[in-house]
Amino acid sequence: AKLKDQVMEALLKANPIAIPNALVDMEIQRLMQAARQDMEQRGMKVKDLPIQPEWFADQAKRRVTLGLILAEAAGTAREMGVTVLAERAAALMGRG
């Protein structure tokens with residue numbers, strides 16, 4: 001997980017991009033819903049707890065930015081003829 005975090009941080013620093021607010025807002029809503037569901041599963045009454053969108057803004061921006069960067073990288077790789085399928089990778093690793 002540490003290496004993954006380092007790679008993602010390097011991608012963010014190397015690829016500063018403008019991200020659409022609409023995508024960030026959608027991700028904030030998704031994160032808020034996940035938080036509500038998690039709290040409900042833990043037996044908390046979500047209606048009694050105010051959940052603020054601002055709490056999720058930084059995480060949402062990071063996730064959207066990384067998603068766009070990775071989608072672009074995947075598209076570029078496909079254009080160059082590089083394809084890596086999960087099934088093939090798993091088979092090569094002896095897990096398929």
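Where along the chain is E54 found? E54 sits in the loop between helix α2 and helix α3, the latter covering residues 57–79, and this loop residue is one of several points from which the fold can be read. The model described here is a predicted one, and its protein chain has four helices and zero strands, so that, in the order α-α-α-α from the N terminus on, helix α2 can be taken as the main thread of this briefing.

**The chain as a whole**

- The protein chain has 96 residues, of which 20% count as buried.
- The accessible surface of the protein chain comes to about 7700 Å², and 57% of that surface belongs to carbon and sulfur atoms.
- Among the contacts that join residues at least 6 apart in sequence, 79% are between residues at least 24 apart.

**Helix α2 and its buried face**

- Helix α2 takes in residues 21–41, and E27 has its place there, as does M26.
- The 21 residues of α2 should span 30 Å at 1.5 Å a residue, and this agrees with the model, in which the end C-alpha atoms of the helix are 30 Å apart.
- The buried residues of α2 are V24, E27, I28, L31, M32, A35 and M39; seen down the axis of the helix, these buried residues fall within an arc of 140 degrees, so they line one face of α2.
- An α-helix has 3.6 residues a turn, so residues that are three or four places apart point the same way.
- On the other side of α2, A22 and Q41 are exposed.
- Just after α2 comes G43, which takes a positive phi of about 90 degrees.

**E27 and its salt-bridge network**

- E27 is buried because its relative accessible area is 7%, and a residue counts as buried when that value is under 20%.
- If neighbours within four places in sequence are left aside, E27 is in contact with A60, R63 and V64.
- The side chains of E27 and R63 meet in a salt bridge, with a distance of 2.8 Å from N to O; this pair links distant parts of the chain, since E27 belongs to helix α2 and R63 to helix α3, 36 residues apart.
- R63 itself is partly exposed, with a relative accessible area of 43%.
- Salt bridges that share partners join E27, R30 and R63 into one network.
- Within that network, the side chains of R30 and E27 meet in a salt bridge of 2.9 Å, N to O, and the two residues, being three residues apart in helix α2, are separated by about one helical turn.
- R30 counts as partly exposed, at 49% relative accessibility, whereas E27 counts as buried, at 7%.

**The salt bridge between E9 and R62**

- The count of salt bridges in the model comes to four, and one of them is formed by E9 with R62, whose closest N and O atoms are 2.8 Å apart.
- This pair, too, links distant parts of the chain, with E9 in helix α1 (residues 2–14) and R62 in helix α3, 53 residues apart.
- E9 is partly exposed, with a relative accessible area of 31%, and R62 also counts as partly exposed, at 30% relative accessibility.

**The surface and the loop after α2**

- A nonpolar surface patch of about 320 Å² is made by I17, L23, M26 and L68.
- M26, a member of this patch, lies in helix α2 and is partly exposed, with a relative accessible area of 48%.
- E54, in the loop between α2 and α3, is exposed, because its relative accessible area of 57% is over the 50% that the term requires.
- The C-alpha atoms of E54 and I28 are separated by 8.4 Å, although the two residues are 26 residues apart along the chain; I28 is among the buried residues of α2.

Notes. Residues numbered from 1 in each chain as written. Predicted model: local features only at pLDDT ≥ 70, side-chain atom pairs only at ≥ 80, totals over all residues. Heavy atoms only, no water. Buried < 20%, exposed > 50% of the residue type's maximum accessible area, 1.4 Å probe, protein only. Contact = heavy atoms within 4.5 Å. Patch = residues over 30% accessible without salt bridge, like charges linked within 9 Å, V, L, I, M, F, W, Y side chains within 5 Å. Areas by Shrake-Rupley, 256 points an atom, 1.4 Å probe, with all protein chains shown as cover. Expected span 1.5 Å × (residues − 1). Arc of directions from axis to C-beta.
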